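Visitor: I should be grateful for a close look at a single part of this structure, namely the sheet and the helices beside it. Please describe how these elements are arranged.

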Amino acid sequence: MFQQIEKGLKALLPFIHSDASTNDTDSFWKYRERVKSKTLGNLINAFLESADYNPDYFGDKLREMVAERNNLVHHFGGLEGLNILSTEEGCRSCINYLESQYQETVHFYKNITLFVFSVVIFLRENYAESNQKIELFYQQLKAEIIFSGVEYINLHNPSETAWENTKIVKLLRLAETNTDKTGDMTLLARAGEFIKNQDPECTPKKYGIKTLKGVLKASGLFEITESQNSQKNSTFILYKSKMHKSLT
């Protein structure tokens, strides 16, 4: 995980650090080469210089992560309370320590992945036709984000949002099992009321879309039917989740 974070930072920094992005094309490539040999601590410092974060909280957390990485690489066998080889209890202590370290680290890894994905989307929109590897990298990263369960939202291009993981899609699916059905479908108006009761702040606007119907269409995860109510001279919308494809 630490190695993946290093790899992500090395890919990201040339696009966001002022030493690489404010001069000319030459400076970008020179910085890209220079960053390849940087250690995790140097990469974190460069990232903090580039990103607008609260230095007191986020910066301290990142530096703690560097210290944890150094302990793992250089001092793990000698940490107090950890005895890797002698007893089963010692082995279990090591496992618990590593699991705790992993849980702390994976959060930042997911954030770095989202930063890199944002850069890849930009490259894809501007250079994908001239470089097919960009499209491949984009598809791999998006699959990883969906698999990891991160809620990635692209307000400028909602088709790029990882809809499978968004709260609004999860609530639309929850509404299917918690509101009255019309045949095998759910009335969108009822779903809207259900979502409003569950979380008033979870609105389509949060995802760059005006209506719940727009969310259904943009996500591509639902079947949609529109019917006319002749008595009320209005249209009502029904939906249901598409069948999930099994992962192999």
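Guide: Contact here means heavy atoms within 4.5 Å. The model is a predicted one, and the description begins with the sheet. Its 4 strands form an open sheet in the order β1-β2-β4-β3, with antiparallel pairing. At the edges are β1 (181–182) and β3 (222–229), each of which pairs on one side only. Strands of a sheet pair through backbone hydrogen bonds, in either a parallel or an antiparallel manner. Between β3 and strand β4 (residues 234–241), which run antiparallel, there are 8 bridges. As for individual partners, Ser 227 has Phe 236 in β4 as its bridge partner.

Two helices may be placed against this sheet. Helix α8 (residues 167–178) lies across β1, β2 (185–187), β3 and β4, and runs at about 95° to β4. Helix α10 also packs on the sheet, where it touches β3 and β4; the direction of α10 makes about 140° with that of β3.

From α10 the description passes to a further helix. Helix α9 (residues 188–198) packs with helix α10 (residues 212–219) at an angle of about 100°, the two axes being 10 Å apart. Angles of 65 to 115 degrees count as roughly perpendicular, and α9 and α10 are therefore roughly perpendicular to each other. On the α9 side, Leu 188, Gly 192 and Ile 195 take part, and they meet Leu 212, Lys 213 and Leu 216 of α10. Sorted by class, this contact of α9 with α10 comprises 4 nonpolar, 1 polar and 1 charged residues.

Conventions:
Residues are numbered from 1 along each chain as its sequence is written. This is a predicted model: local features need pLDDT of at least 70, side-chain atom pairs count only at pLDDT 80 or more; totals for chains, interfaces and linings use all residues. Side-chain values use heavy atoms; hydrogens and water are left out. Axes are lines fitted to C-alpha atoms, for helices over the stretch in contact, and angles run from 0 to 180 degrees between N-to-C directions. Angles under 35 degrees count as roughly parallel, over 145 as roughly antiparallel, 65 to 115 as roughly perpendicular and the rest as oblique. Ala, Val, Leu, Ile, Met, Phe, Trp, Tyr, Cys and Pro count as nonpolar, Asp, Glu, Lys and Arg as charged, and the others, Gly among them, as polar. Two strands pair if DSSP finds at least two bridges between them.
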